[in-house]
2 protein chains.
Amino acid sequence: MDREERLTEALVRTTFHVTAVMTRIAAEHDLSLTQVRVLGIVSDRRVRVTDLAARTGLDKSTMSGLVDRAVARGLLRRERSPHDGRVVEVVATEAGARLVAEIRAAGMRELAPMVDAVPPAERVGLARLLDTALAAVGQG
Amino acid sequence: MDREERLTEALVRTTFHVTAVMTRIAAEHDLSLTQVRVLGIVSDRRVRVTDLAARTGLDKSTMSGLVDRAVARGLLRRERSPHDGRVVEVVATEAGARLVAEIRAAGMRELAPMVDAVPPAERVGLARLLDTALAAVGQG
DNA sequence: TATTGTTATACTCTATAACTATA
DNA sequence: TATAGTTATAGAGTATAACAATA
């Protein structure tokens, strides 16, 4: 296995672990990981259903259902755009914003054991490398 | 945001990107990411249903259904253990093994743009840091 | 005509509870 | 009694196709 493959495999294994941790945190709050992603995107701005679908890579009909369930739980609100009668903007309720903050804090806390294993002096460098890699694929 | 938080966020964003890429590859082969994980685990050894469930963090009943569908597609095979009549061992068929290899290659190929953004000299160091972090949480 | 969003439908993923078979 | 696995059930996630409303 060459260096490129070795790094790719490390990335994939890291992904599985981080996903497992986040999925568990989501479940502890009675949410799926997808719901957490949607809440996270909406937490600090109003977003159209279509944009939410694009950002998550899901179909707009799927997003419609996700928003339905989050609305039913009082975490999100739908608002019609005054500028374009077709558009629905999705907004986090207070309860939704509070929940996002909680989950974000839990994520920081529960991923800490992994992050803390990286020598402090190298943390900035590692974050920068990951940011560089993400920027290269348009996720920066 | 301190250094620890910044690194955590980079990890989470990396996770979302890698997951998106792998989910797309899985879908192109008419599989879910979960199915790919199961096939990957079984690809080079026989594994009990209970162990598969433990490894993936899923319930054994969920695993039973996943194996059902993979068997129906000719990707996996169930074999009763000769040593313990309760145990079912799951084995990859030839077609299943071929598919795993294909998907693994596609993963390497499609994650390459991200990996290639890391300067070659730093790739080993990055892989080592990730491995260290994973080892610290028992995923090494 | 094109775009935005929802609904109808069908399948997969998932867990819980109840069950069968074996140890 | 305990363990391995399946089945029944119910709900969430997902995409495709068809639809209504608006531009």
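In this predicted model, 23 residues surround DNA strand D, and those that come nearest are A:Ser32, A:Arg69, B:Thr50, B:Ser64 and B:Arg78. By class, this surface holds 10 polar, eight charged and five nonpolar residues. On the DNA side, sugar or phosphate accounts for 68% of the strand D atoms within 4 Å of the protein, with bases making up the rest.

Both chains reach the phosphates of strand D. From chain B, a side-chain N or O atom of B:Thr50 lies 2.3 Å from a phosphate oxygen, and one in the side chain of B:Arg78 lies 2.6 Å from a phosphate oxygen. From chain A, a polar backbone atom of A:Gly85 is 2.8 Å from a phosphate oxygen of the strand. The elements that each give two or more residues to the surface near strand D are α2 (33-42) and α4 (60-72) of chain A, joined by α3 (49-56) and α4 (60-72) of chain B. The largest share, four residues, is that of α4(A).

Turning to the protein pair, the contact draws 46 residues from chain A and 45 residues from chain B. About 4700 Å² is buried between the two chains, and carbon and sulfur atoms give 75% of this area. A:Leu7, A:Met108 and A:Leu129 together supply 13% of what chain A buries against chain B, more than any other three residues.

Polar links also cross this interface: there are four salt bridges and six residue pairs in polar contact. One salt bridge joins A:Arg6 to B:Asp131, with the closest N and O atoms 3.4 Å apart. On chain A, α1 (3-28), α5 (94-115) and α6 (120-136) each supply at least two residues of the side touching chain B, with the largest share, 18 residues, coming from α1(A).

How values were computed: Residues are numbered from 1 along each chain as its sequence is written. Chains are lettered from A and ligands numbered from 1 in the order in which they are written. This is a predicted model: local features need pLDDT of at least 70, side-chain atom pairs count only at pLDDT 80 or more; totals for chains, interfaces and linings use all residues. Side-chain values use heavy atoms; hydrogens and water are left out. A residue is near a molecule or strand if one of its heavy atoms lies within 4 Å of it. A polar contact is a pair of N or O atoms within 3.5 Å; within protein, one must be able to donate a hydrogen and the other to accept it, and residues adjacent in sequence count only if both atoms are side-chain atoms. Ala, Val, Leu, Ile, Met, Phe, Trp, Tyr, Cys and Pro count as nonpolar, Asp, Glu, Lys and Arg as charged, and the others, Gly among them, as polar. Contact means heavy atoms within 4.5 Å. Buried area is the accessible area (1.4 Å probe) that two parts lose on being put together, summed over both. A salt bridge is a side-chain nitrogen of Lys or Arg within 4 Å of a carboxyl oxygen of Asp or Glu.
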